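Please open the structure in your viewer and keep the sequence panel beside it. The tour below moves from the overall view to single residues, with a selection to make at each stop.

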Amino acid sequence: MKIDLNLFVVFDAIYCEGNITKAASVLNLSQPAVSHSLGKLRTHFDDALFIRQGNEMRPTPVAKNVIDDVREALHQLQVCLVQSRQFEPLTSRKSFSLSLHGSLEPYYLPILQQSLSLESPAINLRSNKRVRRSELENKLASGDIDLAIDTLIPVSNNIMHTQLELDQLVVVARKNHPAITTELALDTYLRLEHVLVSSRSTGPSLEDFELSRIGLHRKISLRCQHALSACRVILNNDMLLTLPKTAAVMYSQMLDIAIYPMPVELPEIGVHLYWHVNVDKEPANKWLRNKMIIAATNTRIMT
């Protein structure tokens with residue numbers, strides 16, 4: 001049987017005040033409205049709940065038996081309502097789930113986790129496998145993921161986003177590459193074999209799509225999922241790797257690789273943070289979005 005939770009607020013007020021008129025005044029309701037609510041409660045419990053004795057309404061044994069549970073339930077409801085409007089990162093034990101483009105995870109996660117460890121030690125962060133773009137809206141709407149970071153993609157009005165980074169493509173090769181002198185020529189770029197990093201098993205990459213638009217095609221000899229794997233591959237051969245500059249700089253600090261400008265002008269890459277409109281004003285999500293933006297800014301400064 002369904003019951004209006006507001007009835008229990010009336011129940012508690014009558015129990016405290018011992019008088020319907022006083023309870024109505026406390027609740028800022030009319031006396032008939034309080035009497036009507038009491039009638040519904042009596043039907044629900046199949047008990048009078050309060051017996052009039054003079055000017056007072058004395059609780060029955062049934063009312064005395066349930067008052068503690070009612071007050072505890074109302075208290076928990078009040079706590080939930082307060083927490084829905086507030087977020088305390090220092091004490092929160094909330095779990096957040098992120099979807100990151102593979103090459104972006106090692107770029108954003110370290111500095112983000114460092115910040116969270118200091119300010120919110122009990123919060124749990126999960127970086128999930130990158131969500132397919134066709135599933136992004138559903139995953140954000142259902143709460144399966146809280147935020148996503150990816151390149152600029154078409155989304156509906158239900159998905160909000162902001163730009164974290166405007167990056168450019170560069171070419172990575174092993175140092176002292178025999179086919180490259182001071183600059184990487186376009187004909188060399190197209191002649192040599194390439195490693196392609198993609199979370200998808202088929203289909204062109206962003207750079208291949210842009211190259212095809214100007215009538216150029218390169219030779220893909222290896223397709224893999226992770227940029228670090230690709231960087232390690234090119235250490236031992238003459239293959240080339242095309243990456244966003246921020247990722248290339250990060251990996252160059254770890255591996256003996258060289259970075260060259262693209263030998264042809266291609267559009268810059270916008271990296272965006274995505275969230276669902278339903279959580280736009282939700283304090284916890286808003287807090288994490290702000291942390292992501294700060295992390296992106298700090299990472300740019302560090303690189």
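How many helices and how many strands does the protein have? Colour the cartoon by secondary structure, bearing in mind that this is a predicted model, and you should be able to find 11 helices and 12 strands. The protein is more spread out than a compact globule, because its radius of gyration is 30 Å, well over the 19 Å that the globule rule gives for 303 residues. If you align the view with the principal axes, the C-alpha atoms fill a box of roughly 105 × 35 × 25 Å.

Before selecting anything smaller, consider the whole chain as a surface. The accessible surface comes to about 17,200 Å², and carbon and sulfur atoms account for 50% of that area. Of the 303 residues, 42% are buried. Among contacts with a separation of 6 or more, 72% join residues that are 24 or more positions apart.

**The domains**

Next, colour by domain, using the assignment of domain 1 to residues 5-84, domain 2 to 95-166 + 270-301, and domain 3 to 169-267. Between the C-alpha centres of domain 2 and domain 3 there is a separation of 27 Å, and the contact takes five residues from domain 2 and six residues from domain 3.

**The nonpolar cores**

Now select Leu 98, Tyr 108, Ile 149, Leu 241 and Leu 243, and show their side chains: within the largest nonpolar core, which has 43 residues, these touch the most other members. Domain 2 and domain 3 each contribute at least three residues to this core. Apart from it lies another core of 20 residues, which you can locate by selecting Val 34, Met 57, Val 66 and Leu 74, all among its members.

Return to Leu 98 and display what surrounds it. Once its neighbours within four places in sequence are set aside, Leu 98 is in contact with residues including Leu 109, Leu 112, Leu 125, Leu 147, Leu 288 and Met 292, and the list of contacts also includes Arg 126, Ser 127 and Asn 128.

**His 101 and Asp 12**

Move along the chain to His 101, in the loop between β3 (95-100) and α5 (105-119). Beyond its neighbours within four places in sequence, His 101 is in contact with Arg 130, Ile 149 and Asp 150; Ile 149 is one of the core residues selected above. A distance drawn from the C-alpha atom of His 101 to that of Pro 244 should read 12 Å, although 143 residues separate the two along the chain.

Then select Asp 12, in helix α1 (residues 6-17). Is Asp 12 buried or exposed? With a relative accessibility of 18%, Asp 12 counts as buried. Leaving aside neighbours within four places in sequence, Asp 12 is in contact with Ile 67, Arg 71 and Leu 74, and Leu 74 belongs to the core of 20 residues.

**Three loop residues**

Which loop holds Asn 28? Asn 28 is found between α2 (20-27) and α3 (31-45), and the residue is exposed, with a relative accessible area of 72%. Its phi is near 60°, a positive value in a residue other than glycine. Most residues other than glycine have a negative phi.

Asn 176 also has a positive phi, of about 60°, although it is not a glycine. Look for Asn 176 in the loop between β7 (169-174) and α7 (186-191), where it is exposed, with a relative accessible area of 73%.

From there, go to Glu 135, in the loop between β4 (124-128) and α6 (136-142). Glu 135 counts as partly exposed, at 34% relative accessibility. Draw a C-alpha to C-alpha distance from Glu 135 to Lys 175: the two are 40 residues apart in sequence and 40 Å apart in space.

**The cysteines**

For the last stop, select the cysteines. How many disulfides does a search of the whole structure find? The search finds zero. Why is Cys 231 not bonded to Cys 224? Cys 224 holds the closest cysteine sulfur to that of Cys 231, but the two sulfurs are 8.9 Å apart, too far for a bond. Cys 231 counts as buried, at 0% relative accessibility, whereas Cys 16 counts as partly exposed, at 48%.

Conventions. Residues are numbered from 1 along each chain as its sequence is written. This is a predicted model: local features need pLDDT of at least 70, side-chain atom pairs count only at pLDDT 80 or more; totals for chains, interfaces and linings use all residues. Side-chain values use heavy atoms; hydrogens and water are left out. A nonpolar core is a set of buried Ala, Val, Leu, Ile, Met, Phe, Trp, Tyr and Cys residues joined through side-chain atoms within 4.5 Å. Buried means under 20% relative accessible area, exposed over 50%, partly exposed in between (1.4 Å probe, protein chains only). Domain bounds come from an automatic or database domain assignment. Contact means heavy atoms within 4.5 Å. A disulfide is a pair of cysteine sulfur atoms within 2.5 Å. Helices (H or I, at least four residues) and strands (E, at least two) are DSSP runs, numbered from the N terminus. The radius of gyration is taken over C-alpha atoms; the globule rule is 2.2 Å times the number of residues to the power 0.38. Accessible areas come from the Shrake-Rupley method with a 1.4 Å probe; for residues, only the protein chains shown count as cover.
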